[in-house]
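Dear colleague,

I am passing on a structure that I have been reading through, and my notes follow below it. Please keep the model open while you go through them.

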Amino acid sequence: MKKGLYFIVILFVAFSCREGDLVDTEYNPTPYIVEGTEYLGPFPVPPDNQLTHEGIKLGQHLFYDPILSANNSMSCASCHLPEKAFTDGNAVSVGIDGIAGIRSAMSLVNAAYFTKGLFWDGRSDNLEEQALLPVEDEIELHHNWGDVIEEFKEHPTYPQMFREAFGIEDKEEIRKELAAKALAQFQRIIISGNSKFDRVNNGIGAFNEEQFVGLETFFDVNPLIADGECGHCHNDPLFTTNQYFDNGIQDAKTLTEYTDIGLANVTNRNLDYGKMRAPTLRNIELTAPYMHDGRFQTLEEVVEHYSKGGHATPNRDPLIRELGFSEEQKTGLVAFMKALTDTSYLDNPYVRNPFK
Amino acid sequence: MSKLLFILLTSVLFFSSCNNAKTGDLNIVFQANYGDEVLEFGKTYNQLDGTAFTILRSDFFMSDVRMIKDDGTEEFLSDLEQIDFDSSTGGIKVSFEDVDAANYESIQFSIGLLPDVNATQPSDYDAASSLANAGYYWSAWDSYIFTKTEGRVDDGTGSITTGWIFHTGKDELLTDVIINVDRSVKGDELNEFRIVMDHKGLFEENGEAVELGINHDPSNIGKLASFIDRIADSFTAVSK
């Protein structure tokens with residue numbers, strides 16, 4: 001009887017004092033300093049998810065790892081390819097079951113600055129919230145976080161990486177929210193601020209004639225030529241104002257004729273039908289096809305749309321109208337937009353695919 | 001005897017401090033109207049000449065917000081606020097704490113940004129600041145956009161599909177506003193002043209309809225100056 005009691009006490013003590021299985025791994029996160037933001041300015045970082053080398057490294061691995069998809073066939077990077085400014089080159093993205101979504105993959109470049117909602121319809125408030133959604137989206141990665149977490153726990157390196165990034169003591173503490181934090185950290189370091197536009201702004205080099213005409217049109221600088229009105233929605237330095245607009249691309253005469261109601265999905269306001277997030281034009285040269293549904297193959301088609309003014313939809317923005325660009329302006333606008341290309345973020349080893 | 005004196009003194013101090021609270025909190029509620037009605041974005045209104053139009057956006061920056069007491073002294077409230085009416089039919093509430101309890105004659109502010117602030121750019125600010133919003137900065141002006149008023153108008157075809165905008169900016173358009181209030185802030189209370197911005201007058205000048213078009217051209221600053229002057233004249237303090 002006494003022996004049995006001792007045994008129970010020993011068992012109790014052993015389990016109650018059991019240290020986590022990860023405490024032998026050092027937890028000493030190193031703050032990460034983002035570079036290249038001089039012209040862009042500071043971006044918001046949640047107090048509980050400061051950038052660290054360890055958090056970014058974990059996010060980098062999760063981003064490129066197909067472990068997040070139900071059949072291990074796709075990762076985040078399948079629709080957000082670094083060489084295409086983190087888009088996928090398709091009109092609309094296709095998930096693991098071969099089912100096409102309804103919208104184009106948005107660029108993640110400078111996502112750290114994307115306040116006022118993420119996705120074309122702004123349905124996520126921040127990167128941490130956004131990162132949770134594609135995993136369980138039925139036409140994207142079609143997995144569930146419960147199973148993903150179990151796979152993380154059994155993975156040869158992820159438990160230690162979660163420990164290094166977030167200080168968990170036991171793999172049982174791995175949570176989807178920590179994975180989302182790591183993915184958010186990774187996305188925050190994809191910074192583009194060294195295009196020709198930026199260099200000229202810093203006094204290095206000059207625009208050629210085409211680019212200069214484009215700049216004047218883009219920012220309505222020259223009263224002698226037609227205003228482009230571009231900067232109203234795509235102002236520098238980000239070349240997005242983080243706002244939502246109906247740019248007249250849907251052929252909708254009434255609210256019910258919008259095939260994609262965009263922001264109204266979130267707000268339920270009639271005045272928001274057809275409004276989509278203005279995407280950044282940084283690296284726009286690399287992100288064809290264009291618009292939320294990828295309807296335009298080239299930047300020339302995009303410029304032509306704005307020159308003509310698109311459809312008179314119920315919520316078309318007041319600035320979208322027949323602008324009547326000259327051929328010189330059209331060529332100039334395309335040339336100017338191409339001066340926004342900068343893939344220097346690919347030089348950052350934390351941005352590249354760690355499995356290659 | 002000394003005990004009695006002590007109790008008497010502390011009682012006097014206690015009751016006097018309770019009855020003469022020096023500050024109160026204040027909400028100033030800005031309400032968008034069109035004439036006597038609450039402004040409804042997207043609703044069809046008619047100008048003096050009968051032209052049908054809608055209003056889709058109305059917002060403005062106000063700087064150096066302060067109130068003037070009936071003894072002439074000032075109570076400073078805020079360096080900068082942005083009033084974006086958006087869809088808030090109940091009004092936009094701006095809250096101030098610890099405002100001197102007093103009778104106030106007027107609320108005063110400037111529409112726009114003071115020159116030293118207007119000399120900055122969105123990238124100078126943390127993204128949480130209203131001044132970080134690049135949608136309110138216009139490089140061609142080297143200026144923030146002080147006010148945005150936008151909508152659509154019937155261009156004569158019978159459908160209200162053509163856009164109009166008035167965007168104002170640049171230092172010379174910084175415009176002072178004085179709103180007579182004649183109200184009191186009571187100590188230890190949450191007080192509320194309600195200010196109506198009547199949009200109807202923005203579209204009338206000298207008894208005629210204002211032509212609605214695309215107006216953000218700094219070379220045509222006179223038209224923008226007239227518009228911002230009409231904004232300055234559009235405010236009235238009302239009872240709840």
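The hairpin formed by β9(B) and β10(B) has 5 residues between its strands, and in that hairpin B:Gly156 takes a positive phi near 105°. Please bear in mind that this is a predicted model, and that the angle, like everything else in this message, was computed from it.

Strand β9 of chain B covers residues 143-154, and 9 bridges join it to β10(B), with the two strands running antiparallel. If you would like one pair to look up, B:Ile145 has B:Gly169 in β10(B) as its bridge partner. Strand β10(B) is also joined by 2 bridges to strand β15 of chain B (residues 214-215), and here the strands run parallel; in this pairing, the partner of B:Phe166 is B:Asn215 in β15(B).

Is β10(B) largely enclosed or not, and why? Of the 10 residues in this strand, which spans residues 160-169 of chain B, 9 are buried, so the strand is largely enclosed by the rest of the structure.

Turning to chain A, the domain assignment gives domain 1 (21-192) and domain 2 (196-338). Their contact takes 26 residues from domain 1 of chain A and 24 residues from domain 2 of chain A, and the side belonging to domain 1 has 11 nonpolar, 10 polar and 5 charged residues. The centres of these two domains, taken over C-alpha atoms, are separated by 29 Å.

Finally, between the chains, 28 residues of chain A are in contact with 28 residues of chain B, and the side of chain A that touches chain B has 16 nonpolar, 7 polar and 5 charged residues.

With best wishes

How values were computed. Residues numbered from 1 in each chain as written. Chains lettered and ligands numbered in written order. Predicted model: local features only at pLDDT ≥ 70, side-chain atom pairs only at ≥ 80, totals over all residues. Contact = placed C-beta atoms within 7 Å. Nonpolar A, V, L, I, M, F, W, Y, C, P; charged D, E, K, R; others polar. Domains from an automatic or database assignment. Buried ≥ 20, exposed ≤ 12 C-beta atoms within 10 Å, placed from the backbone. Helix = DSSP H or I, 4+ residues; strand = E, 2+ residues; numbered from the N terminus. Pairing = 2+ DSSP bridges.
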